[in-house]
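Got your viewer open? Load the model below and click along as we go.

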Amino acid sequence: MKALTWHGNHDVRVDTVPDPKVEQPTDAIIKVTSSGICGSDLHLYEVLGAFIDEGDILGHEPMGIVEEVGAEVTDIAPGDRVVIPFNISCGHCYTCEKGLQSQCETTQVHEYGTGASLLGYTKLYGQVAGGQAEYLRVPQAQYGPIKVPDGPPDDRFVYLSDVLPTAWQAVEYANVPEGETVLVLGLGPIGEMATRVAQHRGAGRVIGVDLVPERLARAQAHGVDAFDLEYHDDLPGAVRELTGGRGPISVIDAVGMEAHGAPIGRMAHKLAGLLPDAIAQQVMQTAGIDRLSALHMAIELVQRGGTVSLSGVYGGAASPMPLLQMFDKQITVRMGQANVKRWIEEIMPLLSGEEDPLGVDDLTTHRWPLEKAPEAYSMFQKKEDGAIKVVLKP
Ligand SMILES: NC(=O)c1ccc[n+]([C@@H]2O[C@H](COP(=O)([O-])OP(=O)(O)OC[C@H]3O[C@@H](n4cnc5c(N)ncnc54)[C@H](O)[C@@H]3O)[C@@H](O)[C@H]2O)c1
Ligand SMILES: [Zn+2]
Ligand SMILES: [Zn+2]
């Protein structure tokens with residue numbers, strides 16, 4: 001089959017690789033019909049190369065049609081249309097039963113001390129072949145796959161794999177009281193969807209911050225008060241003016257470790273990309289390599305006693321945090337990978353009607369064939385051609 005594979009920093013290619021097979025009785029094989037490219041894939045493209053081997057297949061936002069199932073997979077059958085969650089979880093362990101599927105004890109990666117395995121996401125997360133490919137082996141398929149109805153186009157459902165539950169959890173963890181203000185840093189797919197979920201779930205005012213004009217314009221068109229980071233010398237001041245002098249009660253960081261405006265972190269990222277793997281792994285696991293400007297901005301912006309909800313991914317083991325300010329402002333911080341299956345029951349009804357209250361139908365900006373995936377990565381990374389969400393069609 002054809003698959004998008006990693007070959008080095010800023011070097012991904014479409015290769016011919018062996019077809020996946022059922023290896024465990026809990027596996028399924030799906031024929032992939034849509035597969036998103038995510039901001040998280042850009043970390044692999046740029047920073048996390050030390051944990052990837054040449055030839056690893058990327059991608060963690062797939063959906064498709066079931067081809068084959070293992071003996072213990074009884075809830076889905078060949079021909080079913082399914083979306084595959086990005087975290088691989090068993091559904092029956094201690095953490096899964098608590099709704100913490102991204103911590104699944106069955107698929108945790110003990111070698112690196114990390115949580116649940118993820119599709120297509122480095123040795124840190126189990127080095128499982130990903131879904132930007134014609135076919136995908138789905139581990140723990142007795143629990144993971146989400147059955148969706150035939151009829152509507154893939155766009156309606158594909159975001160159940162990651163964007164929707166991640167944005168949902170971001171808003172849930174932000175703990176926004178009815179009618180109050182939430183500010184979302186970063187208006188990529190995750191941030192933009194978080195603004196829509198927050199509106200849907202009763203936030204009074206939603207403020208968004210980014211520096212890409214078309215992303216700001218899209219948010220604005222959805223009723224978000226959009227702030228251009230480049231334009232404001234004193235963003236916290238401008239935001240406080242809008243929020244009775246106190247700042248928003250909740251802030252969501254949907255940026256992550258490649259934040260704009262962090263020159264030292266940018267250098268660390270470049271270095272980590274150039275070092276031999278063994279040394280780069282050491283640097284990542286012991287040093288602070290994150291570009292922290294967004295996270296520090298979130299802490300600065302949030303109201304005293306408010307909540308910062310972190311869905312942007314950070315990867316440094318010792319990234320410096322402003323503890324004095326965090327303690328003094330009495331801030332609550334919640335974070336983590338989305339527990340995908342936990343939120344599906346709440347989200348699914350919003351996808352079934354005609355109305356499309358979260359606007360999933362117009363989130364995709366580019367639908368490209370798998371062959372063009374290398375160009376798609378480059379375009380998405382450089383934010384060219386209005387790219388916000390690229391979905392590959394194998
Ligand atoms: N927690 C999870 O389960 C989970 C799931 C998916 C994605 N993520 C993470 O969420 C983050 C966003 O993902 P995405 O797909 O939307 O990616 P993206 O790269 O498209 O979006 C990031 C946005 O942040 C903006 N930005 C950069 N620096 C900024 C700053 N200092 N202030 C405000 N905005 C800034 C960028 O212009 C961009 O629009 C990534 O870190 C990704 O890894 C987390
Ligand atoms: Zn993703
Ligand atoms: Zn589990």
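Here is a short tour, from the whole chain down to one metal site.

This is a predicted model, where local features need pLDDT of at least 70, side-chain atom pairs count only at pLDDT 80 or more, and totals for chains, interfaces and linings use all residues. Residues are numbered from 1 along each chain as its sequence is written, chains are lettered from A and ligands numbered from 1 in the order in which they are written, and side-chain values use heavy atoms, with hydrogens and water left out.

Start with the whole protein chain, coloured by secondary structure: you'll find 14 helices and 15 strands (DSSP runs, H or I of at least four residues for helices, E of at least two for strands, numbered from the N terminus). Its C-alpha atoms fill a box of roughly 60 × 50 × 45 Å along the principal axes. Switch to colouring by burial, and 57% of the 394 residues come up as buried (under 20% relative accessible area, 1.4 Å probe, protein chains only).

Now select ligand 2, the zinc ion, and show its protein donors: Cys38 (SG), His60 (NE2), Glu61 (OE) and Asp162 (OD), at 1.9 to 2.3 Å. Donors here are N, O and S atoms within 2.8 Å of the metal (3.2 Å for Na, K and Ca). The angles among the four donor atoms run from 97 to 128°, making the site tetrahedral (for four donors, all angles between 85 and 135 degrees).

Next, pick Cys38 and Asp162. Cys38 sits in the loop between strand 3 (28-37) and helix 1 (39-46), Asp162 in the loop between helix 3 (155-158) and helix 4 (163-174), and the two are 124 residues apart. Both are buried.

Methods
Four donors count as tetrahedral if all angles lie between 85 and 135 degrees; four count as square planar and six as octahedral if opposite donors are over 155 degrees apart and all others between 65 and 115; anything else is irregular. Buried means under 20% relative accessible area, exposed over 50%, partly exposed in between (1.4 Å probe, protein chains only).
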